[in-house]
Amino acid sequence: MPVNSSALTSGPRQAELRRTPDGVVLQFGLVDGPVYLERPVGNLLTYSAGRPWQVDPPQPDGWWISRRAGEHRAGCRTGPLAVELRLAFDDADRLNLEVRWRNTGQRRLADLAVGLLLDLGRVHDSQLTVPGLIYNDNPSADPARAVPRVGHTPGGGFVAEEDRLPIPGINLEWRTGRDRRWLSVLSRPQARRAADSQVRYGSLGVLRQDGPVIAALSGVLMFDGKQDVRYVSKAETEATDDGYLTLLPGEVYTQRLVLEWGPQETRGHAFRELVRTGRALFNSAGAQALTVDEMITLKTVALDNRWYQARTVAGYTKFSDIPGNGPRKPTHFMYGWTGQALKLAWCDAQLGFGARDRLRIDRCRAAVEFYLSGSPTPTPGLRHNAYQVPSRRWTSFRTGSKPMVSSRAYGETISDLADIIMLFRDQGEPVPPSWPAALEEAMAFLRGAQLPDGTFPIGWRLDGAPAATTVSAAGIPCVLAALKASEILDDPELLSEATTWLSRYYDQHARTFDRPFARSTLDAACEDKEAGMYYFMAAYELYRRTKDPRYADWCEVAADWLLTWVYVWSPEQDADAPLHTSGFNTIGWPSVSVQNHHLDVFFPTYELLAFGLAADRPEYVAAAWTTLYAMTQGVAANPDDWNFPLPGEQGEAVFQTHWQRRGHTNTWNPSWVIAVPLANALRIRAHG
């Protein structure tokens, strides 16, 4: 766009509010480059009074405009409201856009829905990221389940509370001619605390008209194109009358938005701009409830409670046997996913070697021997996922009313077995020949257990046949296991094969993110954090082994995708909510999936820290420490903390938004909530 001497410019960007015969136009783009948006301001605003809210343009009257060095302002009246827009660039070339809505009348105005609609018109080959909620419209989500989607036909849309977004912003990437472009719109959320002490925020989302329209609204909601519908639990919605704005005479409602835009070189990777901007805008420190050593000490108490041994049976139970210490379930061991029995064994041995505690080392050895001796299925190299203590049966997951060995859980377990062997070798502890032999057998199975496209299925039947041919990232832990096994077995050919396997997942997911990482969690058929987590861990393992900068790039892309799930701000909670009274800080906590909108501690903090240090990426080092410390919140430091009688326990879910019980945590405490953060903390402490 030609340089206008009175336009606002900053770095490569230019923006302005400009008077025309029909009112005022908002335009922004690049200096001496293309225009990204040029629209009458009246067409970008929405004002609705009454329920259900409507996407109605206001009827502006009496436009005025002020263009000064460094700031443009414009305003009008629409009914009883006066609207004012302010534009100004900051020192980082970000455009700050402020919209003020003032009640100029003498009466209280209720049931309002106001906001900004950034409509770029019909765009081509677009990709959309709404952090934690929508990734390219969630193409892997089960179409039979209710999950956030915008859809591809006019009238669709999804609008959520700002506190549901880990990064309160939206990124849109699209193609114009041969060029790709991106636009990020972020909100600076402001809590509104009502007379009932309940906290409310504005709302963000996307409407589908001729193209995707980024909506920054005053709090009203939409699901699947239906107004006043909220997503409240797994694949569940409910009608709500929440989110409407009330303005007293003279009262002002202010929206503070930040816009960035630019050309995009790598297709599908523009979401990374949202991560960078979110990190820069929201730089408040997170919380730390415990030191690393204190967390290890407490989690060790919980670990010891899960140890079970009776005659020839030895392992770590998924749930506690202490009354009131979480749910009461039949005693069983689960290997991988929400059990992580061999990861607990690794933790026990690591603690044992550090403290010269023979009992812990022997417990780990007994758990591994029990698993290897009893878990084989009729198919060589394929093992069951669980052991039921009361019935003395080895079992697996089920799908389609038939047993299925989960590739995700099996890959995690074989990876943990490789870690245990490496730990024993490093400490000079004898390793039974049956342990590396089990790795070899597992690798022999995996070499012939792939789908025609070269990736692994979600799982296998007990005869080794794929249980489904669904495209997914579920099997990436098998690649991680192969990478680790190649080092244990000193097998360069296996390393080469595993590299090829991971490259197929790169092509399937990370090259363009047309199909983002998905379907790793066994209870949610959708895009999820854990799918990207294991890709990152495998890419880091490959980078650690080779130091190839190509794999560092793979790590960075995956790390940024993971960080779209991590809160950079801390939403306020209702005054009577346990999270409020405890002073809980959300910064650094990751959410789970586009289906499950709570927080949990499943995150590769050690690998993120180690990669950041190895590749000299301080932003990842900082992110890892922030998350590690954040997750020390919610750990019971004393009996009856967080509703657990046993110190060291921690609930699986934190409900930071209107999904299940906002402002609360739960007491569902499967053993992975011990294993994953404890393993990360132990590795970080050993790393120095």
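Strand β9 (residues 95-103) is joined to β25 by eight bridges, and the two run antiparallel. Leu95 has Leu259 as its bridge partner in β25. Please keep in mind, as you turn the structure on your screen, that this is a predicted model.

On another front, β25 also pairs with β15: seven bridges join these strands, which run antiparallel. Here Ser187 stands opposite Leu257 in β25. How much of β25 is buried? Nine of its 12 residues are, so the strand is largely enclosed by the rest of the structure. The cut-off behind that statement is a relative accessible area under 20%.

These strands belong to an open sheet of nine, in the order β6-β7-β8-β9-β25-β15-β14-β11-β12, and the pairing is antiparallel. Which strands stand at the edges of this sheet? They are β6 (61-68) and β12 (134-135); each has a single partner strand, so one side of each is left without a neighbour in the sheet. The partnership at the β12 end involves strand β11 (residues 124-130), with two bridges in the antiparallel sense. If you would like to find this pairing by eye, look for Val130, which stands opposite Ile134 in β12.

A helix accompanies this sheet as well. Helix α2 (residues 271-281) lies across β11, β14 (169-176), β15 (179-187) and β25 (252-263), and runs at about 30° to β15.

Now for the other sheet. Three strands form an open sheet in the order β28-β29-β30, with antiparallel pairing. Its edges are β28 (332-334) and β30 (393-395), each with a single partner strand, so one side of each lacks a neighbour in the sheet. From one strand to the next, the twist averages 15°. Strand β29 (residues 386-388) is joined to β30 by three bridges, the two running antiparallel. Within this sheet, Ala386 stands opposite Thr395 in β30.

Here are the strand pairings described above, side by side:

| Strand pair | Bridges | Sense |
|---|---|---|
| β9 and β25 | eight bridges | antiparallel |
| β15 and β25 | seven bridges | antiparallel |
| β11 and β12 | two bridges | antiparallel |
| β29 and β30 | three bridges | antiparallel |

Let us move on to a pair of helices. Helix α3 (residues 292-306) packs with helix α15 (residues 672-687) at an angle of about 140°, and their axes are 9 Å apart. That angle makes α3 oblique to α15. The crossing of α3 past α15 is left-handed. On the α3 side, the residues that meet α15 include Val292, Met295, Ile296, Leu303 and Arg306. Among their counterparts in α15 are Val673, Ile674, Pro677, Leu678 and Arg685. Sorted by class, the contact of α3 with α15 has 11 nonpolar, one polar and four charged residues.

Finally, one residue deserves a visit of its own. Where does Ala474 lie? Its place is the loop between β33 (459-460) and α8 (476-488). Is Ala474 buried or exposed? Ala474 is buried, with a relative accessible area of 1%. Leaving aside neighbours within four places in sequence, Ala474 is in contact with Ser407, Arg408, Ile458, Ala518, Arg519 and Ser520. As a landmark relative to the nine-strand sheet, you can use Asp179: the C-alpha atoms of Ala474 and Asp179 are separated by 34 Å, and the two residues are 295 residues apart along the chain.

Definitions and conventions: Residues numbered from 1 in each chain as written. Predicted model: local features only at pLDDT ≥ 70, side-chain atom pairs only at ≥ 80, totals over all residues. Heavy atoms only, no water. Pairing = 2+ DSSP bridges. Helix = DSSP H or I, 4+ residues; strand = E, 2+ residues; numbered from the N terminus. Axes fitted to C-alpha atoms, helices over the stretch in contact; angles between N-to-C directions. Parallel < 35°, antiparallel > 145°, perpendicular 65-115°, else oblique. Left-handed = near helix turned anticlockwise from the far one by under 90°. Contact = heavy atoms within 4.5 Å. Nonpolar A, V, L, I, M, F, W, Y, C, P; charged D, E, K, R; others polar. Buried < 20%, exposed > 50% of the residue type's maximum accessible area, 1.4 Å probe, protein only.
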